[in-house]
Amino acid sequence: MTESIQDTDIAIVGGGMAGASLALLLAHHCPQLNVALLERQSVSAVETPLTLPSFDTRATAIAAGSLSIFSQLGLWPALQEFAEPIRQVQVSDRGHSLGASLDARREKAASFDGMLGAVIENAVLGPLLYRALEKTSVQLLDNAQVTDVEMLSSGAKLHIQRADNISSLQTRLLVIADGAGSALCNRLGILTSKVDYQQQALVTTVGLQRDHRGIAFERFTDTGPMALLPLPKRHGVHRAALVWTCEESAQPSLADLPERDFIRHLQQTFGWRAGRIIRAGKVHSYPLTLSLAREQVRRGVVLVGNSAHFLHPVAGQGFNLTLRDCDGLARTIGRTVAEKGPDFVRTGPGELDLLEAYWRERQHDQQLTIGFSDKIPPLFASRNLLTSGLRQLGLLGLALTPATRTAFARQAAGITA
Ligand SMILES: Cc1cc2nc3c(=O)[nH]c(=O)nc-3n(C[C@H](O)[C@H](O)[C@H](O)COP(=O)(O)OP(=O)(O)OC[C@H]3O[C@@H](n4cnc5c(N)ncnc54)[C@H](O)[C@@H]3O)c2cc1C
């Protein structure tokens with residue numbers, strides 16, 4: 001049976017970090033519009049961990065620019081309760097004494113409330129976003145799998161399966177936020193360019209013997225970059241989130257090691273800058289690719305999040321870039337609604353002119369950020385003398401020149417203006 005549910009101005013397909021954040025931003029910047037958020041998993045039991053891929057055991061480094069976006073949405077007090085501030089970033093290269101550091105006290109232009117950023121566990125961020133969504137007019141349809149899409153002159157028609165029930169929904173603007181390898185993009189013939197880094201990220205939470213003092217460590221090793229991000233203390237244990245990128249061939253043995261052996265390898269590779277590592281949780285691994293959609297806007301359609309760009313996690317840029325995209329999109333729609341008046345509200349959010357204006361505004365930041373996260377891993381993974389010399393020069397520049405340091409800090413903090 002096909003039944004029609006309420007049509008909408010904007011339908012977001014995918015309720016991960018990208019879709020849920022965009023829904024909040026649209027509710028804030030364009031309250032006149034009807035927004036529906038469709039997610040195939042259950043999100044109603046917000047007090048229990050969500051099973052969505054975005055909100056798994058990872059932690060996310062939220063840059064200063066993103067904290068300021070969340071703050072404008074009124075989310076900072078809730079975030080602050082669970083997030084650990086990043087006061088300093090220390091960048092170092094294994095086997096060389098040279099290192100560089102960024103300090104929130106020095107990089108005032110790249111900091112928010114005295115911090116360069118904050119780290120929050122995804123399992124905490126998810127329920128927090130969904131609790132905030134409950135206070136908006138966004139219509140949330142969970143357990144709702146979009147199975148097909150048809151483009152219409154007035155927007156798009158979505159076919160939705162919820163349990164045994166098949167329904168359809170018409171929307172002026174379809175936002176594709178269904179993640180990397182997007183089935184909806186496939187359905188619409190939107191192609192993707194892919195680079196396989198032939199690396200995987202090992203992700204886990206570690207216990208430290210001493211306090212991390214709000215330091216985020218970026219360590220470059222022969223096999224790939226590692227990040228150790230400060231987390232709030234739990235049950236008296238100092239904790240940090242580890243992202244350890246290494247060649248795919250190293251994976252099965254490292255991820256499957258007993259805790260004690262994993263810690264020994266980790267300590268050997270990472271060194272002692274964060275002191276002794278005393279615990280390691282379950283290790284999860286993520287294959288790393290750079291995946292870029294060849295089109296991000298069409299009449300009636302826009303892509304956000306991993307469906308638009310899936311980046312190497314080395315500098316914690318993926319979600320931060322997405323949040324700036326979502327903020328840009330919501331602001332562009334809100335501005336156009338304000339300029340063109342009430343008639344536009346019911347007809348215009350899918351107009352190509354509007355979507356192209358959004359895309360023009362976001363292109364520069366996307367190119368810079370994607371370039372930043374794509375160029376660093378090969379440079380730092382190389383054993384080649386020339387590239388190893390170059391990265392030492394890079395670190396030297398970062399250590400010695402305030403201008404280079406500030407440019408790096410601003411890029412890492414997601415402050416692009
Ligand atoms: C190891 C690692 C560490 C990272 N660390 C950082 C970091 O520190 N800082 C940072 O900024 N970024 C980081 N990132 C990037 C960040 O995780 C991504 O930007 C984020 O997950 C983007 O999520 P998304 O919502 O686009 O996609 P997803 O999380 O994949 O969400 C897509 C959602 O769509 C739903 N869906 C799919 N198909 C359908 C359908 N047909 N109908 C309805 N629903 C559907 C899925 O159930 C899912 O919930 C990291 C990434 C990795 C891999």
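**Exercise 1.** How far is an oxygen atom of the ligand from an N or O atom in the side chain of Asn320? Then describe how the protein surrounds the ligand.

Solution. The model is predicted.

Step 1. In the side chain of Asn320, an N or O atom is 2.9 Å from an oxygen atom of the ligand. A polar contact requires N or O atoms within 3.5 Å, and the Asn320 pair fits at 2.9 Å.

Step 2. The side chain of Glu39 places an N or O atom 2.7 Å from a ligand oxygen. Ala18 uses a backbone N or O atom, 3.0 Å from an oxygen atom of the ligand.

Step 3. The ligand taken alone exposes 1000 Å², and the protein buries 95% of that.

Step 4. Two or more residues of the shell come from each of helix 1 (17–29), strand 4 (59–63), strand 10 (145–152) and helix 8 (318–340).

Step 5. In total, 32 residues surround the ligand, with Glu39, Ser54, Ala61, Asn306 and Phe319 the closest. By class, the shell has 15 nonpolar, 13 polar and four charged residues.

**Exercise 2.** Which residues have the most contacts inside the largest nonpolar core? Follow one of them outward.

Solution.

Step 1. The residues are Ile10, Ile12, Leu26, Val304 and Ile333, in a core of 56 residues. Helix 1 is the main contributor to this core, giving nine residues.

Step 2. Take Ile333. Setting aside neighbours within four places in sequence, Ile333 is in contact with Ile10, Leu26, Cys30, Leu33, Leu173 and Leu354.

Step 3. A second core, separate from the largest, has 26 residues, among them Val89, Leu116, Leu290 and Leu321.

How values were computed
Residues numbered from 1 in each chain as written. Predicted model: local features only at pLDDT ≥ 70, side-chain atom pairs only at ≥ 80, totals over all residues. Heavy atoms only, no water. Near = heavy atom within 4 Å. Polar contact = N/O pair within 3.5 Å; in protein donor to acceptor, adjacent residues only side chain to side chain. Areas by Shrake-Rupley, 256 points an atom, 1.4 Å probe, with all protein chains shown as cover. Helix = DSSP H or I, 4+ residues; strand = E, 2+ residues; numbered from the N terminus. Nonpolar A, V, L, I, M, F, W, Y, C, P; charged D, E, K, R; others polar. Core = buried A, V, L, I, M, F, W, Y, C linked by side-chain atoms within 4.5 Å. Buried < 20%, exposed > 50% of the residue type's maximum accessible area, 1.4 Å probe, protein only. Contact = heavy atoms within 4.5 Å.
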